Each structure stands twice: as C-alpha cells, then as structure tokens.
Amino acid sequence: MPRLAVLGYPVGHSRSPAMHNAALAALGMDAEWSYEAIEVAPEGFEALVRAMPGQGFAGANVTVPHKLLALALADSASETAREIGAANTLIFGPRGIHADNTDAGGLLASLPESPRGRSALVLGAGGAGMAAVWALGAMGARVGIWNRTPARAETVRIEVAERAQQFHVEIEVNVVEPEPEAPVDLDLGGFDLIVNTTAVGLGGEDPFAELPLRRDGFAPGQVVVDMVYSSAPSTLLAAAAECGARTVDGIEILVQQGALSFELWTGRKPPLDVMRAAARA
Ligand code: ATR
C-alpha cells in the first residue's frame, strides 16, 4: 500500500491531496495508493522524512519552507534539483532518498509556448522567484527580475549567475527597476512573458498598487503568469486578459508540477483534466 504525502508548514490549504487522490482514483490505483497532507515544522522535518520509507511511503511533495532542506538531506538528487538548489519531490527507493524538482518543469509545461529567445520579467525574489528565473533563463529566455527590495533581486541575479557558471548553463539575467525620475511603473512593452511570483494578491492586496504594473499596461501577444493560487481569476490576470494577453494561473502550474511528480512516483501519466477539476473544486 504505497503512501504519498505533501509536507509543509502550514499545509492545511494545500490542494495537492485532492488533486493526487482524484488522479489515483481515475487510474484505478486508489485501492492501493493514497496521498495525504502532513504538517511538519522545520525542526521535525528531517526525522519525519527519514522515518517515512519505513511507514510505507513511496514519495512526497515538499513545499514551503522545506525545499532547501529536502535537497540537503537526500542521498541523491536530479540535475534539475541540484541546479535550482531546492527540491519539491522526494522519491523513496532501495538506494535511499532521491530528490527532484518539478517546479521548473511545471512552470514551463504551463506556458502556451517555449520561452526560448523570449524576453521575460519575473516579479519577486523569494524562493518562487529564484526558481522561475532559473527555469526561464535555463530555457533560453532573457530574464529581467524586479523586486520590491532591490537588494534581494540583486542577490538572486548573482546566485543565478554563479550557478550558471558552476553547471555550465548560459543564462542572461538582469535586475530591472523603474527609472528614478519616471513614473513608478515598468514599461512592459518589451516583455513577451510576465511572471508574478510575489505574495501580492494572496491577502487581497491590489497588485496595481503594490507592483510596478499598470492595469492597462499589458498587450496581446504577451503571456502573463500569476503564481498566486486562488479559485477566482486574480486581479492581475483579469486585467491582463482584458488587454488581450494570454494568462496562466497558479493552479495550472500546481497541476503541471503535480503531474510530473505523480509520474516520478508511479511511472504513470495522470489525467490532467481530472487533476485540474480537483484542484479547482
Ligand atoms: P516565496 O519563497 O514563496 O517566493 P518569500 O521568500 O516570502 O516567498 O518572498 C515573497 C516575495 O513577495 C518577495 O519577493 C517579496 O518582496 P520583498 O523581498 O521586498 O519582501 C514579495 N512581496 C511580498 N509582499 C509584497 C508587497 N506587498 N509588494 C511587493 N512585493 C511583495
């Protein structure tokens, strides 16, 4: 009876159990497999993970704030996880704990077209921002990064540049800021892809007050991604759609990263529509 779980702190809001259990049921695997949410504080994370294989777990998803620790404690790791410096997927096997990362693959799979050769703007310099910069940059996009606290954007730029050198990947990344004399908004005209990784919107904040974006600043031909996941379209995506841009929301990215993890654990491709419906319910 292989068990699966998502490990986070907090984790109560996670839609992963509903999404994965729906996929297991749709494939007729639910008599054997199950997926649960386990809340664990950072102090207890390592001991919990090490005990999981003995308790019938085949693998786990790892979410905030455990992604760095998950990579650090693993016996082996995929190239992607090592490059990104974080793991969101653990696989328990005969050779120990293996770490992987499907966040980058999930983001790329959710885009309507490849970011190669395109110009991308990433808003935010937290863990999600770092992962997005790496994923898009490694795929060949030119990446601009903006953050409310510019020093953090600079830290991400430096870290990405160092990693790129270490792993022999060519990545073009710059910090962008509105001109000091000009309006506080960025000119989005030069960007093919705009990705919000900040927490703005989670607590109902107005993205056009908090971020250097104008409500009517988007254009047809652009793809706008909002990692914030909520059931209703975010204020940001609603405005982007009104301007004729194509939009991708956080649930689609959750579904795509989840589907990649599911395949790593079970060797089977899950039905995306079933996962989408469960994640949105
Ligand atoms: P995560 O790892 O999920 O990305 P995080 O490390 O807490 O989370 O980062 C949150 C991001 O949202 C940061 O880029 C943060 O900007 P700061 O570095 O300036 O704190 C951004 N953020 C949060 N609230 C914001 C707001 N009201 N306006 C602009 N950016 C905000």
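1. Thirteen residues surround the ligand in this predicted model. Those that come nearest are Gly127, Asn147, Arg148, Thr149 and Arg152. By class, the shell is made up of four nonpolar, six polar and three charged residues.

2. Three of the contacts to ligand oxygen atoms deserve individual mention. A polar side-chain atom of Thr149 lies 2.5 Å from an oxygen atom of the ligand, and a polar side-chain atom of Asn147 is 2.6 Å from a ligand oxygen. Gly127 contributes through its backbone, with an N or O atom 2.8 Å from an oxygen atom of the ligand. The ligand on its own has 640 Å² of accessible area, and the protein covers 73% of this.

3. The largest nonpolar core comprises 30 residues. Within this core, Val133, Leu136, Val160, Leu193 and Val225 have the most contacts. At least two core residues come from each of helix 5 (103–110), helix 6 (127–138) and helix 7 (150–166), and likewise from each of strand 7 (119–123), strand 8 (142–146), strand 10 (193–196) and strand 11 (223–226). Helix 6 gives the most, with seven residues. As a general background, nonpolar side chains in soluble globular proteins tend to be buried together.

4. Leu136 merits inspection as one of the core residues with the most contacts. Leaving aside residues up to four places away in sequence, Leu136 touches Leu107, Leu108, Leu111, Pro115, Ala120, Val122, Ala141, Val143, Leu193 and Val195. Leu193, one of these partners, is also among the residues with the most contacts inside the core.

5. Helix 6 (127–138) links the two topics of this note: Gly127 lies in its range and is one of the residues nearest the ligand.

Terms used:
Residues numbered from 1 in each chain as written. Predicted model: local features only at pLDDT ≥ 70, side-chain atom pairs only at ≥ 80, totals over all residues. Heavy atoms only, no water. Near = heavy atom within 4 Å. Polar contact = N/O pair within 3.5 Å; in protein donor to acceptor, adjacent residues only side chain to side chain. Areas by Shrake-Rupley, 256 points an atom, 1.4 Å probe, with all protein chains shown as cover. Nonpolar A, V, L, I, M, F, W, Y, C, P; charged D, E, K, R; others polar. Core = buried A, V, L, I, M, F, W, Y, C linked by side-chain atoms within 4.5 Å. Buried < 20%, exposed > 50% of the residue type's maximum accessible area, 1.4 Å probe, protein only. Helix = DSSP H or I, 4+ residues; strand = E, 2+ residues; numbered from the N terminus. Contact = heavy atoms within 4.5 Å.
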